Each structure stands twice: as C-alpha cells, then as structure tokens.
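Please open the structure in your viewer and keep the sequence panel beside it, so that you can select residues by number as the tour goes on. Each stop names a selection and then tells you what is there.

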Amino acid sequence: MNRFESVPRSPYAEKSPDERLIREVCEIRTVDVSPSDQIGYTLLNRHLIGEECPVVAVGGFLSDLTTVERAWEGIHLAELHRPILMLDMPGHGLSSPHGFRQTYDLCVRRRVDSQARPMTEAVQKTLQPEDQIDYFGISHGALLSLKMTEQDPEDRVGNVFSIDLPAVKKRWTLGMQLGYVVIDSLIGRKRYFEEIKHNPCSRDFEAFEREFSELGVEKADSFIKSNPGLFLCNLVASVGARPVAIETLRRIMEEKSASVKVMTAERSSVSDYRAIGAFIGSLSPEHRQRCRQTVVEDEDHNIGRCQLMPRSVAYAKEAYDS
C-alpha cells in the first residue's frame, strides 16, 4: 500500500489564480449531442490544445461545473499543464436531465451505457477526433470514464485515472442513495464545507472561493432537484448493483489499448480494493501491466474532496507520465 503523507500545496494558496485560468474555469458552455440532449463543459488550458494530450475530467455524482468545489477541482487539475476538458454528467449542471432510457438503465438494468454515451459524443465533438486523450474520473465519474473509454470508436484513450471506482462487486445501494439526500441537504452542505475548512488545504480553497464568488456564476439546480423522478426510482429500485466496473475493465483490457490506474480509499464505502486487486490478479501478465491499483490507507470515500484532490493530482502526474 502507498500512503501520501503530505498534501502538495497549490500555487493558488499564496496568490489568486491567474486571470486566464479563472476565466476559463467559469466559461461553462454546452454542446448538443442530439436534438434533445446537451452536455455542459468547460475547457481549461485551451491554449495547449494541439501541443499536449488533453485530459477529460468527469466529476463525482453530485458535482457540477457551476459549483465552487468542482471549479476548484479544475484549478488543481490545471496543474497537470495540459488541456483539461471538464464535463457534467447528464442531469448535472447545465447538461440535459436524464431521459426515460437513462432512468430505466440506471434504476432497473443497473447499467451506465446510455448515461455515458452522450458524454462520449461530447468528447468527440469538443476535441479533435484523432487526438489521443486521457481520462480522470472520481467515484461515479470514474465508472463513466471507463465506460466512455470502452465506447470510444477510435481507441485513442491512453490512460484512465480512476479515483475510488464504484461498482466493482455486487452490493446493496439503498444506504448510498439515502446518503445522497443527506449530502444534498443544507445540513450536508454545511458539513461538507466544515470538513474542507479543517484540513491542510483549507487556505487554498477559501482563497479560491472568494475569487469564484466575485465572478457571479449562476449555480444550477442539484442533481436531485433536476432529476427527482430518476432519483426516486433509483431509491425504490435500489437492489443489488452489478459489478459494472469490473465487466468494463475486462472489456477494455481485451478490446482496447488504454492503461488504467486506480486509486482506492482503504475504508471506502463505495469501492473495494480487495475486489479490484483480485480482478487484477486474474489478468494475464500482459494485461496486468496496463491495470494497476494504489490504495490510500486510512481514507474513506471523501476522495474528490479537499483532503485527497491535491494528492490525486500529484499521483495523476506520475500515472500519466509513466
């Protein structure tokens, strides 16, 4: 197991982000992927397009680009010094609400194919189709990153970096659904920010929060408020979730050329490093070279929040360059 003892400080802890970058993180646009569907996105370090391999970043389940937390995540990812395409999942931020097919697939079939497809198409439309890309996914976004890699028609994904990958074994999800309700509440939001303010990177977050608030970005409705029907169906139909991630990982190893780096919290409530380790151990030696896991000791599923994001970016630098 590897443990990252120190939290790398962002250069923005001592000074505010440069004007170009903070302008880019707040320029949230949409791309039409069908007559009725659109995906929200923002592109950071866009001046590096054509020079460096882009990283496509898919946030966590309740995040969206109009929130300060997700924008702060983008500021840290920009430290990779590569173009960063940040996407909102369907139903999040400025993306279209879930359609009937996506609701049925997520709640009944327990699959994410129809949820990932418009995001895959958004990548195709937003970036040059022939350019190699990497993925950076957190929690449910990590699962979608794998699915988008599988769906990519050009096999142009070099690396997928997944933080706390869910759906690695069959499990009950009712507690997780109720947890989302708590997180989305005023009490949950207050606790979220309290956690940020009592850890090593609080200074960085607070400095950026002041910058972000001055830009007047209009916050979108939360996922639960934007998709009440889907969320209620998911709550009622919260039966044993299939190990979709492991199934997708296997297909990537067999059909694609991408390498997958997984960072798993040792005490995660949504992932299981043992299940992932067992899967990697079952692979052929050739495929094991392309699929690796790092376990972060004594961490739970707060990955993607302040505590682990800077460390995740530091590890992503190593993972992408290796």
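## First stop: the cores

In this predicted model, begin with the largest nonpolar core, which has 44 residues, and select Leu-87, Val-123, Met-148, Leu-165 and Val-260, the members that touch the most other members. Add helix α11, residues 244-255, to the selection, since this helix gives the most to the core, with six residues. In soluble globular proteins, nonpolar side chains tend to be buried together.

Now centre the view on Leu-87 and show what surrounds this residue: leaving out residues up to four places away in sequence, Leu-87 touches Ile-39, Gly-40, Tyr-41, Val-56, Ala-57, Val-58, Gly-59, Leu-65, Arg-70, Met-119, Val-123 and Met-148. A second core, separate from the one that you have just seen, has 31 residues, and you can find it by selecting Trp-72, Phe-161, Phe-208 and Phe-212, which are included in it.

## Second stop: the whole chain

Zoom out and switch to a cartoon view, in which the chain shows 14 helices and eight strands. What percentage of the 322 residues of the chain count as buried? The share is 57%. Among the contacts in the chain with a separation of 6 or more, 80% are between residues 24 or more positions apart.

## Third stop: helix α3 and its partner α4

Select helix α3, residues 100-109, and colour Gln-102, Thr-103, Asp-105, Leu-106 and Cys-107, which are buried. Just after α3 comes Arg-110, which takes a positive phi of about 60°.

Two packed helices are described by the angle between their axes and the distance between the axes. With α4 shown as well, you can look at how the axes of α3 and α4 come within 7 Å and cross at roughly 130°, an angle that makes α3 oblique to α4. At this contact, Arg-101, Gln-102, Asp-105 and Leu-106 of α3 meet Ser-114, Gln-115 and Pro-118 of α4, and by class these residues are two nonpolar, three polar and two charged.

## Fourth stop: helices α4 and α5

Keep helix α4, residues 113-126, and add helix α5, residues 140-151; the two pack at an angle of about 70°, with their axes 9 Å apart, which makes α4 roughly perpendicular to α5. Their crossing is right-handed. To see the contact itself, show the side chains of Asp-113, Gln-115, Ala-116, Arg-117, Met-119, Thr-120 and Val-123 on α4, together with those of His-140, Leu-144, Lys-147, Met-148 and Gln-151 on α5. Coloured by class, the residues of this contact divide into five nonpolar, four polar and three charged.

## Fifth stop: helices α5 and α11

Hide α4, keep α5 and bring back α11, whose axis comes within 9 Å of that of α5 and crosses it at roughly 35°. This crossing of α5 and α11 is left-handed. On the α5 side, select Leu-143, Leu-146, Lys-147, Thr-149 and Glu-150, and on the α11 side select Val-244, Ala-245, Thr-248, Leu-249, Arg-251 and Ile-252, which together make the contact. By class, the contact has six nonpolar, two polar and three charged residues.

Stay in helix α11 and pick out Thr-248. Is Thr-248 buried or exposed? Thr-248 counts as buried, because its relative accessibility is 0%. Apart from neighbours within four places in sequence, Thr-248 is in contact with Leu-146, Lys-147 and Glu-150. Draw a distance between the C-alpha atoms of Thr-248 and Lys-147, and you should find 6.4 Å, although the two are 101 residues apart along the chain.

## Last stop: three loop residues

Select Leu-62 in the loop between β3 (55-58) and α2 (68-77), where this residue counts as partly exposed because its relative accessibility is 22%. Then add Ser-222, which is 160 residues from Leu-62 in sequence and 7.0 Å from Leu-62 in space, C-alpha to C-alpha.

Move to His-81, in the loop between α2 and β4 (84-87). Phi of His-81 is near 55°, a positive value in a residue other than glycine, and at 58% relative accessibility His-81 counts as exposed.

Finish at Ala-167, in the loop between β6 (157-163) and α6 (174-184). Phi of Ala-167 is near 55°, again a positive value in a residue other than glycine, but Ala-167 counts as buried, because its relative accessibility is 13%.

Note on methods: Residues numbered from 1 in each chain as written. Heavy atoms only, no water. Core = buried A, V, L, I, M, F, W, Y, C linked by side-chain atoms within 4.5 Å. Buried < 20%, exposed > 50% of the residue type's maximum accessible area, 1.4 Å probe, protein only. Helix = DSSP H or I, 4+ residues; strand = E, 2+ residues; numbered from the N terminus. Contact = heavy atoms within 4.5 Å. Axes fitted to C-alpha atoms, helices over the stretch in contact; angles between N-to-C directions. Parallel < 35°, antiparallel > 145°, perpendicular 65-115°, else oblique. Left-handed = near helix turned anticlockwise from the far one by under 90°. Nonpolar A, V, L, I, M, F, W, Y, C, P; charged D, E, K, R; others polar.
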